[in-house]
Amino acid sequence: MTEQATRLQVNLVGMTKNDYRGAPSTLCQGCGHNSISSQIITACYEMNIVPENIAKFSGIGCSSKSPTYFLNRSFGFNGLHGRMPSLATGALFGDRTIRGLGVSGDGDTASIGMGQFKHVVRRNVPMVYVVENNGVYGLTKGQFSATAEEGLSLKKQGTNPYLPIDIAWEALVGHATFVARSFAGDPKQVKELLKAALAHKGIAVLDIISPCVTFNNQDTAMHSYAWGKEHEVALHDLAYVPPAEEIMVEYEEGQVKEVELHDGSSVILKKLSQDYDPTNRAEAFRVLEEANAKQWLLTGLLYIDPDQPTLIDLSYLPDEPLNRLGEDRLRPTPESIEKINELMF
Amino acid sequence: MSETNLLTMTDATVAKEPVVNDFSITVATVNGSGSQTSNATIMRALFKMGIPVSGKNLFPSNIQGLPTWYTIRVNKDGFLARRDEHEIVVAMNQATFTKDMDDVLPGGVFLYDDSIKIPITRQDIYSYPMPVKLLARESGAPAELRDYIANMVYVGVLAYLLGIDMEKIKAALHFHFRGKQKPIDMNYNVVESAVQWAQANLVKRDPFRVEPMEQKCVDCVMTDGNTAAALGALYGGVQFVSWYPITPSSSLAEAMNEYIPMLRKDPVTGKNTVAVVQAEDELAAAGMITGAGWAGLRAMTATSGPGFTLMAEFIGLAYFAEVPMVIWDVQRVGPSTGLPTRTSQGDLTFAYFMSHGDTEHIILLPGSVNECFEFGWRAFDIAERFQTPVMVLSDLDFGMNQWMTPKFRYPDKPMDRGKVLWEEDLERLGGQWQRYLDVDGDGIPYRTVMGNRHPAAAYFTRGTGHNEAARYSEEPEVWERVMKRLKKKIETARHYLPKPEVTKMAGAEVGFIAFGSTDPAIQEVQHILRQKGIKSDYMQIKAVPFADEVKEFIAMHPRNYVVELNRDGQMHQLLTLAYPEYATRLISLAHLDGLPLSAKWVLDAFFEKENN
């Protein structure tokens, strides 16, 4: 294929990959976040998502800057530190045909935003919630975050005396309906998990270990490329299969688990060494605890419940976008006011 | 007027001239004992008799067990501000019995629960014992309800002594229990047996009476400001509400839930056209309405002081990112947790300047319960027109007390959704538009909202520096330009906001300036001063920043008394800032004890200033 042909190639909704790009990144060279942005672009392109059907949300921090770097044709709101969940929750009531795509960091989610994170999960808000987790505050130049591992030493900070918060664990405790962990150095897995997350109808929490090349990339540190590559243990090989597409099972029978998502698409999970069932919440806790004890970076789809109603499903609203209802449907009739006055005593 | 009631008691057994429809009743009870039903019943029955009446609940921040007082004022001339003096006191609480007895005006009435064994030491008042426990027991009510219905005994004894119409009492109970016959009967039976007991056992010697009147407040209803605000918002087409429980604003959101099924069913689908989410805190409530307002919904929250403080960061973002939303602050006494169950106008300057950096917010100040309804819908038109937070400052007195108020009026204007571009608008413009560009010269840019599918519709909203095209910018001149345009936008709003209400007397030299729930006290003050030969004008301010009429009013009077319920004279501060040239014409009468304003306090403070 010539370069020209590559550029003009369109997907099923008539979009080129350029239609999914954003402004050039201003993050550091080699930052894990840039790799994730690329996979968001590719996942949306390959899934034939119309960019106008996505709304981007973020808080404050390096990760939260990244929504500028993808999906230029989607509405976006870069809000306040730790408050992305509430902003997205309110906005998504505006048009229920829009899927939210939130990008947060470990400081934004696990420190200042822990309360809102737990509640957005509990309410099953219809959005993908990506945490670009590097264990460090980059934008303020290298302070520990709440996910930094115990004993980590950073320049100017000394040694971290505290145990880390595990975002996947917190999501599970909070009844998230989709919890996955991945590693920015494993772009194929990131992409497939993003696709499954975008196809899921409720909240999809994706905790992606994303090394900070400037402030936290020592080879022995958990949030580094070297450590991640050496310690990554995938639960399964996984692939996202769009709705109504024939599933070409290339794996031996008995080696595959299929989870059907709400829109008719599915995630195909190929067993690796372990026989893992991502619809079993207790099992998810167990493998996370085991990985913690064995110092593994356990990746893959940890838990999924595709059928739980979302916050908006539960709100008894019309199917059409709420923000398109006119005065004739929003303002009560003139006749009703007399009845109201009678009710006042 | 207080002075018309002052009796000099020479012989406690002889009633002087009857005192009709002009006195105050205070009921002293224990919080959580169910006295609210009894007090509301008396209030409503008097209202239905056509007598102007107001009720103020002075309650503790507590669920059960602490002293509570409820004051009812009846006044045939329609002056209904709280009074410090009580002609009639009903003592149901042993813990405050002695103080309550001391509080009765000479010549007044003291009704008390006869199981309280404290000697009556006053000779200058009429005392009547009530066999509360006996009548409650004889009522046949289940034991667990006896304490609640016991309070109906004083309703009956008062009905006998004052001549309250029993049919109106029945109507009030019918309303209170929403037509449920069993509780209506149980309560009414106690009232009736108390009346019978009083007829047989008490000799009325005191002069206080009520008589039915031709309704002074024509076409009025009795309701509270929180209910009015919720209804106003529903008529304003509110689409999204997020809130967190806090006294005294919770009943606003709860009223919303109560009336949605009746008022906001979609005529097309039968589903709701408004969503209510109880947030995890006020940070999240403010965040959700910022998101919803950004996505094109009419979004609001209701809160009070401590919650209002938490909302500051989102209100700053919404100001700068230009997101419409409505925040009701039902004020209580701050700072800090302060007095959660007492009223105040102390959030004014905080609201006006809320957030770090330069901000200036639009504030609406409803001046009556009826106006809580009107500003309930109007606030959305203003917020969407100017793409900015609109704060409506009510207070506990409006929000939680029952007021006589003219019937709610249907909005007289269609909804103003402001400058929103949809797909067809962008098509017409060839996709050429900029989010923060001042096209019309009024400081108000055009916006698109999430969900608009035109390929040129989307923009990236941020709280960081941005240029007219909504792109990130740290350019010094861009920053200055954007901030000056925001200033211009608020200046445009100044001419659009509700105008002050001015009442004039020919030849007045003194002006009173006030806002919100102090209105009844100011009206009474003006009346009393008029009788003393002092003419005054009165301006009730309805919005900040100030309309030009505010300045004109100040300019007309050498002395303008700015009356408000806070320590530092916050309205006085804002007026002085706005009109430094008139600083010497503005005199602050600021008062903060957590109680609704009385005319007496204003008069005392006024004469102290005037005589110095």
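In this predicted model, Thr37(B), Ala40(B), Thr41(B), Arg44(B), Ala45(B) and Lys48(B) on helix H1(B) come up against Lys168(B), Ile169(B), Ala171(B), Ala172(B), Leu173(B), Phe175(B) and His176(B) on helix H6(B). Sorted by class, the residues of this H1(B)–H6(B) contact are 7 nonpolar, 3 polar and 3 charged. Two packed helices are described by the angle between their axes and by how far apart those axes lie. For H1 (residues 35-48) and H6 (residues 166-176) of chain B, the angle is about 125° and the axes are 8 Å apart. With that angle, H1(B) counts as oblique to H6(B). The two helices, H1(B) and H6(B), cross in the right-handed sense.

H1(B) also has a sheet to lean on. That sheet is open and built from 6 strands of chain B, in the order E3-E4-E2-E5-E6-E7, with mixed pairing. Its edges are E3 (53-58) and E7 (126-130) of chain B, each of which pairs on one side only. From one strand to the next, the twist averages 15°. Inside the sheet, E2 (residues 22-30) and E4 (residues 67-75) of chain B are antiparallel partners, linked over 9 bridges. One of the facing pairs puts Val30(B) opposite Pro67(B) of E4(B). H1(B) packs on this sheet by touching E2, E3 and E4 of chain B, and its direction makes about 5° with that of E4(B). Helix H5 (residues 152-163) of chain B packs on the sheet as well, touching E2, E5 (86-91), E6 (104-113) and E7 of chain B. The direction of H5(B) makes about 135° with that of E7(B).

Further along chain B there is another open sheet, this one with 5 strands in the order E19-E21-E20-E23-E24 and again mixed in its pairing. E19 (501-503) and E24 (586-590) of chain B each have a single partner strand, so one side of each is left without a neighbour in the sheet. Ignoring direction, neighbouring strands here are turned by 20° against each other on average. E20 (residues 510-514) and E21 (residues 536-540) of chain B run parallel and are joined by 5 bridges. Gly511(B), for instance, has Asp537(B) of E21(B) as its bridge partner. Helix H18 (residues 519-531) of chain B packs on this sheet, where it touches E20, E21 and E23 (559-564) of chain B. The direction of H18(B) makes about 170° with that of E21(B).

Then there is the meeting of the two chains, a contact that takes 56 residues from chain B and 45 residues from chain A. On the chain B side, the elements giving two or more residues are E9 (220-223), H8 (225-235), E10 (240-243), H10 (282-294), H12 (312-321) and E18 (460-462). H10(B) gives the most, with 9 residues. By class, the side of chain B that touches chain A comes to 32 nonpolar, 14 polar and 10 charged residues. Strands reach across too: E2 (residues 75-78) of chain A runs parallel to E18(B), and 3 bridges join the two. In that pairing, Asn78(A) sits opposite Arg462(B) of E18(B).

Chain A has a helix pair of its own. H4 (residues 84-92) and H6 (residues 114-122) of chain A pack at an angle of about 35°, their axes 8 Å apart. Pro85(A), Ser86(A) and Thr89(A) of H4(A) make the contact with Gln116(A), Phe117(A), His119(A) and Val120(A) of H6(A). That contact between H4(A) and H6(A) has 3 nonpolar and 4 polar residues, with no charged residues.

A few backbone oddities turned up. Most residues other than glycine have a negative phi, and most peptide bonds are trans. The bond between Thr247(B) and Pro248(B), however, is cis, with omega about 5°. Pro248(B) lies in the loop between E10 and H9 (250-263) of chain B. Another cis bond runs from Val544(B) to Pro545(B), with omega near 0°; Pro545(B) is in the loop between E22 (543-544) and H19 (548-556) of chain B. In chain A, His175(A) has a positive phi, near 70°, and is placed in the loop between H7 (167-173) and E9 (178-183) of chain A.

As for confidence, the predictor gives the complex an ipTM of 0.95 and a pTM of 0.95. Chain B averages a pLDDT of 95, and 97% of the residues score at least 70. Residues 1-12 of chain B are another matter: pLDDT stays under 50 there, and the model has 20 contacts beyond four places in sequence for them.

How values were computed:
Residues numbered from 1 in each chain as written. Chains lettered and ligands numbered in written order. Predicted model: local features only at pLDDT ≥ 70, side-chain atom pairs only at ≥ 80, totals over all residues. Axes fitted to C-alpha atoms, helices over the stretch in contact; angles between N-to-C directions. Helix = DSSP H or I, 4+ residues; strand = E, 2+ residues; numbered from the N terminus. Parallel < 35°, antiparallel > 145°, perpendicular 65-115°, else oblique. Left-handed = near helix turned anticlockwise from the far one by under 90°. Contact = placed C-beta atoms within 7 Å. Nonpolar A, V, L, I, M, F, W, Y, C, P; charged D, E, K, R; others polar. Pairing = 2+ DSSP bridges. pLDDT = per-residue confidence, 0-100.
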